[in-house]
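Here is a short tour of one protein chain, written to be read with the model open beside it. We begin inside the fold and work outwards from there.

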Amino acid sequence: CGEDYESQIGWSSFTITEGSQNILNVKISSSGSLQTAAEGALKKSSLTEDMVTDLVISSPKGVQLSRAKDVDTYLKQHFLNATTIDLSGTQLERNKCNANTFKGRISLKYMVLPETTENIGNNSFYGCRNLREMVIPKSVASIGNAAFGGCDKLGSQIVVEAEVPPSYDGTI
């Protein structure tokens, strides 16, 4: 954020410092348990949801984040100030980052998807205008239309680990 402000007219004469980093590690034990696990982790850490800058979600092997309960019902509406979301220690249901999953998260700067992710759906990250870095796991075979539309800060920072580039529908 400091770089963004300093590059704007009128702000260059100020010293901009970023706030402290607050990491919240959330371990789910079963599909559909993200809300309970996150609330417990917040209580244990003495943080509020708005204070979390880095959200790290993990699960035992074979436990997936439920699209209906974990992602669409909870994650889409919580931790909206998080600048980093790391899902590398878990799996998405059916190994898909579904359409609109992280759409409009303007605070999101860094995203780490699970290594098992095979599909990034339409508009998955649309409007994440501060997203700066994204690593697309080598398992991703397809990227949906406008998956990264409006990600103005992303520029050339998409790293695709696959030897064969994923197919995509339309424009990124």
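A search of this predicted model as a whole turns up one cavity of 30 Å³ or more. The largest cavity has a volume of about 60 Å³. Its lining is made up of Leu65, Ser66, Arg67, Val71, Leu92, Glu93, Lys96, Cys97, Asn98 and Thr101. Two elements, α3 and β6 (96-97), each give two or more residues to that lining.

**The chain as a whole**

With the cavity located, it helps to step back. The protein chain holds three helices and 12 strands. It has 172 residues, and 40% of them count as buried. Among contacts with a separation of 6 or more, 57% join residues 24 or more positions apart. The accessible surface comes to about 9,400 Å², and carbon and sulfur atoms account for 48% of that area.

**Helix α2**

Helix α2 is a good place to look next. It runs over residues 34-45, and at 1.5 Å a residue its 12 residues should span 16 Å; the C-alpha atoms at its ends are indeed 16 Å apart, so expectation and model agree.

Which residues of α2 are buried? They are Leu34, Ala37, Ala38, Ala41 and Leu42. Viewed down the helix axis, these buried residues fall within an arc of 135 degrees, so they line one face of α2. The general geometry is familiar: an α-helix has 3.6 residues a turn, so residues three or four places apart point the same way. On the face of α2 turned away from the buried side sit the exposed residues Thr36, Lys43 and Lys44.

The cover over the buried residues of α2 includes β1 (23-27), β2 (54-58), β3 (64-65) and α3 (67-72). α3 is thus worth a second glance, since this helix also appears among the elements lining the largest cavity.

Both ends of α2 have a neighbour to point out. Serine 33 lies in the loop between β1 and α2. With a relative accessibility of 12%, serine 33 falls under the 20% cut-off and so counts as buried. Leaving aside residues up to four places away in sequence, serine 33 touches Ile28 and Asp70. Just after the helix, serine 46 takes a positive phi of about 65 degrees.

**Loop residues**

Two asparagines can be set next to threonine 116, another loop residue, in a small table.

| Residue | Loop | Relative accessible area |
|---|---|---|
| Asparagine 95 | between β5 (91-92) and β6 | 15%, buried |
| Threonine 116 | between β7 (110-112) and β8 (119-120) | 31%, partly exposed |
| Asparagine 123 | between β8 and β9 (133-136) | 23%, partly exposed |

Asparagine 95 has a positive phi of about 55 degrees, although it is not a glycine. Asparagine 123, not a glycine either, has a positive phi of about 60 degrees.

What does threonine 116 touch, not counting residues up to four places away in sequence? Its partners are Gln91, Asn95 and Ser139, and asparagine 95 from the table is therefore one of them, given heavy atoms within 4.5 Å. Threonine 116 and lysine 138 lie 22 residues apart in sequence, and their C-alpha atoms are 8.5 Å apart in space.

Note on methods:
Residues are numbered from 1 along each chain as its sequence is written. This is a predicted model: local features need pLDDT of at least 70, side-chain atom pairs count only at pLDDT 80 or more; totals for chains, interfaces and linings use all residues. Side-chain values use heavy atoms; hydrogens and water are left out. Helices (H or I, at least four residues) and strands (E, at least two) are DSSP runs, numbered from the N terminus. Buried means under 20% relative accessible area, exposed over 50%, partly exposed in between (1.4 Å probe, protein chains only). Accessible areas come from the Shrake-Rupley method with a 1.4 Å probe; for residues, only the protein chains shown count as cover. The expected span of a helix is 1.5 Å times one less than its number of residues. The arc is that of the directions from the helix axis to the C-beta atoms. On a 1 Å grid over the protein atoms alone, a cavity is a set of points where a 1.4 Å probe fits but cannot get out, and a pocket is an open set with protein on both sides within 12 Å along at least five of seven lines; lining residues have an atom within 4 Å of a point. Grid points are joined across faces, edges and corners, and a volume is the space filled by probe spheres set on the points.
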